[in-house]
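Have your viewer ready with the cartoon drawn and side chains within reach. We will go from stop to stop, selecting a few residues each time and looking at what is there.

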Amino acid sequence: MYERSNLLSLDVVLGACAGMYFFADMMRVSLFWYYYLLLALAVWTIYTFDHLLDARKVSKVALSKRHRFHQQHFKRLAAALVLTGLAGALLSFHFLTYERLLAAGSILFFLIVGVMIGIRLGNRKSAIAKEWLIAIFYVAGIILVPVVQLDFGFISGNWLYYVPAYFILAWFNLVYFSYLDGALDRAEGHHSIMTVLGKRKTRNLLGTLSVTGLIYGLFLFFHLPSYFHHYTLVWALMMLIHVLFFMERPVNITEARRRLELTFSFPLLLLIL
């Protein structure tokens, strides 16, 4: 069952919602349940759209289990994608009475879709920017609602330190997955940062992000007040697990992906901390 939820990107959806809770809790912003529902629908729509495009590009039976799954269930997933997109649009107009939030969310959603299509239509080297851009959009998506709801006059700006922290984590995650899937992507004709830069340069980038993330975690711990320590702990735990997986070079790539995707749900620990 967990394998199926991973293939359907449901763990990514959970991680995104947990990320939004991470920032909302830090900012002391209470969000209604429908914000999490709308984020879940948007994330699933975007990720499924991306996987369907990848599956469509492969003319033969895909080597990647995820792409093969989307090939086998292409019509059902495409129908579900349309229904989810329509449901998300209708629910957004119903619940998001604040026009600025609706406009910002819509712009971000279509910007992400446009960039995804643009990268595929662009030349091979444009794939280098894919992971970097997705990481930016991911962080923008999870902080959008808390930021719009935030009363800047009654809370410090210390939450801003966690925006680059989450970006480093998300970028590392995406580059590392590209690194793990490099051979499959090359065999299927997909372009990624790994297939463009090569194994050595991609590994050097991951090493740089590892050191940067660990140093930044120490900075957060010693620079910010004690109120933020449990947020630093949760983020550092996610970052450290990613670094350890990178250093250990796992044999089972599929299992590594599942476990690392699961780490993005760690902010839910804040419910009991």
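This tour visits helices, ring pairs, salt bridges and a surface patch. Please keep in mind that this is a predicted model.

**Stop 1: helix 6 and its cover**

Begin by selecting residues 99-121, which make up helix 6. This helix has 23 residues and reaches 33 Å from its first C-alpha to its last, close to the 33 Å expected at 1.5 Å a residue. Now colour its buried residues: L101, L102, L108, I112, V113, M116 and I119. What covers them? Show helix 3, helix 5 (74-95) and helix 7 (130-149), which are included in the cover over the buried residues of helix 6.

**Stop 2: I46, looking across to helix 6**

Next, select I46, found in helix 3 (residues 33-57). Is I46 buried or exposed? With 13% relative accessibility, I46 counts as buried. Leaving aside neighbours within four places in sequence, I46 is in contact with F109, I112 and M116. You may recognise I112 and M116 from the buried residues of helix 6. Try a distance label between the C-alpha atoms of I46 and I112: it should read 7.9 Å, although the two residues are 66 residues apart along the chain.

**Stop 3: S64 in a loop**

Follow the chain to S64, in the loop between helix 3 and helix 4 (65-72). The relative accessible area of S64 is 13%, so this residue is buried. Display L184 and E188 as well, because S64 touches both of them, not counting residues up to four places away in sequence; contact here means heavy atoms within 4.5 Å.

**Stop 4: aromatic rings**

Switch on the side chains of Phe, Tyr and Trp. The model has 25 aromatic pairs by the ring-centre rule. Take F32 and Y34 as one example: their ring centres are 5.5 Å apart and their planes meet at 20 degrees, so the pair is stacked. The partners have unlike surroundings: F32 is exposed, at 53% relative accessibility, while Y34 is buried, at 13%.

Then move to Y216 and F219, whose rings form a tilted pair, 5.6 Å centre to centre with 35 degrees between the planes. Both sit in helix 11 (residues 199-223), and being 3 residues apart, Y216 and F219 are separated by about one helical turn. An α-helix has 3.6 residues a turn, so residues three or four places apart point the same way. Y216 counts as buried, at 17% relative accessibility, and F219 counts as partly exposed, at 34%.

Before leaving the rings, select F22, F23, Y162, Y166, Y227, F228 and Y231 together. Ring pairs link these residues into a cluster.

**Stop 5: salt bridges**

How many salt bridges are there to find? The count comes to 3. Start with R257 and D181, whose side chains meet in a salt bridge at 2.3 Å, N to O. This pair links distant parts of the chain, 76 residues apart: R257 is in helix 13 (residues 253-263), and D181 is in the loop between helix 8 (162-180) and helix 9 (182-188). Both R257 and D181 are buried.

Stay with helix 13 and add E255, R258 and R259, which are linked in a network of salt bridges. R258 forms a salt bridge with E255, and their closest N and O atoms are 3.4 Å apart. R258 and E255 are 3 residues apart in helix 13, about one turn of the helix. The side chains of E255 and R259 also meet in a salt bridge, at 3.2 Å, N to O. E255 and R259 are 4 residues apart in helix 13, again about one helical turn. Within this network, R258 counts as buried, at 13% relative accessibility, and E255 is partly exposed, with a relative accessible area of 27%.

**Stop 6: a patch on the surface**

For the last stop, turn on the molecular surface and select L14, L237, L268, L269, L271, I272 and L273. Together they form a nonpolar patch with about 660 Å² of accessible area. One of its members, L237, lies in helix 12 (residues 229-248). L237 counts as partly exposed, at 36% relative accessibility.

Terms used: Residues numbered from 1 in each chain as written. Predicted model: local features only at pLDDT ≥ 70, side-chain atom pairs only at ≥ 80, totals over all residues. Heavy atoms only, no water. Patch = residues over 30% accessible without salt bridge, like charges linked within 9 Å, V, L, I, M, F, W, Y side chains within 5 Å. Areas by Shrake-Rupley, 256 points an atom, 1.4 Å probe, with all protein chains shown as cover. Salt bridge = Lys/Arg side-chain N within 4 Å of Asp/Glu carboxyl O. Helix = DSSP H or I, 4+ residues; strand = E, 2+ residues; numbered from the N terminus. Buried < 20%, exposed > 50% of the residue type's maximum accessible area, 1.4 Å probe, protein only. Expected span 1.5 Å × (residues − 1). Phe/Tyr/Trp six-rings, centres within 6.5 Å; stacked < 30°, edge-to-face > 60°.
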